Amino acid sequence: MDDVNKLRDEEGRLLALQRYQILETCEEDAFEHVVNLVQSILDVPMCAVSLVERQRQWFKAKRGLEISETPRDVSFCAQAIKDLNPLVIQDATRDPRFSENPLVTGEPHIRSYAGIPLRTPDGYNIGSLCAIDTKPRRFTPFEVSVLDQFAKIVVGELELRQIASSDHLSGAMSRRAWMEGASRELERAKRYNRPLSLVFFDLDRFKTVNDSFGHPAGDEVIRTFAALCTSESRDLDLFGRIGGEEFALLMPETDCDLAEQ
């Protein structure tokens, strides 16, 4: 599937976003540095790293915005991800797509906007790096180019973050990433009184495999077991390698009976 067709593949786009495990995470220096630089270099009152979900946009990093998310249907960035090229708006009050938008007619009073799609290496636009002004403004080609370079840095940081969150041998989540994800899901389950289940795996006699057949055989056992668990898990489940031969599978929205099935 080429990049143009991927613009219409919403389910594939959402899966690409989900793979980064970035939503609802805390501030991280790499993304904070980017918005600081965008605000300084482009001299804008507002900017953000925006990630677009099915029903909302969520800001991973932001400057000049008091909110952490907005509904998707009023999001400028949701419009930006529909194209391969930057979305640049000189005066939102004169653009029929946005003139009645509540973010234009009310706080934060958006008038001009430049957004660069955050395109993953496999070609999906998962969000936008945007610069926003409260007055009409013609963003120059140089400014758009600068924003484009920062957008590439954001995607690069997302990729590095994903690599760091994956176990190199099994492909499962690393212990650190799994613990962070499990903590978020536990807090969400508590907050909304939702079910959540945990399965813990410990491969019996694994040391015997290594001693009898060598570590390459043991590595193959780990890879095969992890691949099996991953193939049987749902997209919302968190599967991680938390020790040498120890794995954990956290299942949100799952009671004990469903988990046993």
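How many bridges join strand 1 to strand 2, and in which direction do these strands run relative to each other? I began my notes on this predicted model with that pair, and I found six bridges joining strand 1 (residues 46-52) to strand 2, the two running antiparallel. To fix the register I looked up one position, and A48 stands opposite K62 in strand 2.

**Entry: the six-stranded sheet**

I then followed the pairing outwards and obtained an open sheet of six strands in the order 3-2-1-6-5-4, with antiparallel pairing. Its edge strands are strand 3 (69-71) and strand 4 (87-89), each of which pairs on one side only. From one strand to the next I noted a twist that averages 20°. Helix 3 packs on this sheet, where it touches strand 1, strand 2 and strand 6, and its direction makes about 70° with that of strand 2.

**Entry: helix 3 and helix 6**

Having placed helix 3 on the sheet, I checked it against helix 6. The axes of helix 3 (residues 29-42) and helix 6 (residues 141-164) come within 10 Å and cross at roughly 175°. An angle over 145 degrees counts as roughly antiparallel, and helix 3 and helix 6 are therefore roughly antiparallel to each other. On the helix 3 side I listed A30, F31, V34, L37, V38, I41 and L42 as making the contact, while helix 6 contributes E143, V146, L147, F150, I153, V154, E157, L158 and R161. Sorted by class, this contact has 13 nonpolar, no polar and three charged residues.

**Entry: the three-stranded sheet**

I next turned to the other strands I had noted, of which three form an open sheet in the order 7-9-8 with antiparallel pairing. Strand 7 (196-202) and strand 8 (238-241) are the edge strands, each pairing on one side only. Neighbouring strands of this sheet are turned by 15° against each other on average, with direction ignored. Between strand 8 and strand 9 (residues 246-252), which run antiparallel, I found four bridges, and G240 stands opposite A248 in strand 9.

Two helices lie across strand 7, strand 8 and strand 9: helix 7 (residues 175-192), running at about 145° to strand 8, and helix 9 (residues 215-232), running at about 170° to strand 8.

**Entry: empty space**

How many cavities of 30 Å³ or more does the count give? I recorded one cavity of 30 Å³ or more, and for the largest cavity I noted a volume of about 90 Å³. It is lined by 13 residues, of which Q57, F59, L103, I110 and I132 lie nearest its centre. Strand 2 (56-63), helix 4 (76-80) and strand 6 (125-133) each supply at least two residues of this lining. The class count for the lining of the largest cavity is eleven nonpolar, two polar and no charged residues.

**Entry: backbone geometry**

Last, I looked up the backbone exceptions, bearing in mind that most residues other than glycine have a negative phi, and most peptide bonds are trans. A cis peptide bond joins E107 and P108, with omega about 5°, and P108 lies in the loop between helix 5 (102-105) and strand 5 (112-119). I also noted E24, a residue other than glycine whose phi is positive, near 70°; E24 is found in the loop between helix 2 (10-19) and helix 3.

Methods
Residues numbered from 1 in each chain as written. Predicted model: local features only at pLDDT ≥ 70, side-chain atom pairs only at ≥ 80, totals over all residues. Heavy atoms only, no water. 1 Å grid on protein atoms, 1.4 Å probe; cavity = no way out; pocket = protein on both sides within 12 Å on 5 of 7 lines; lining within 4 Å. Points joined across faces, edges and corners; volume = space filled by probe spheres on them. Nonpolar A, V, L, I, M, F, W, Y, C, P; charged D, E, K, R; others polar. Pairing = 2+ DSSP bridges. Axes fitted to C-alpha atoms, helices over the stretch in contact; angles between N-to-C directions. Contact = heavy atoms within 4.5 Å. Parallel < 35°, antiparallel > 145°, perpendicular 65-115°, else oblique.
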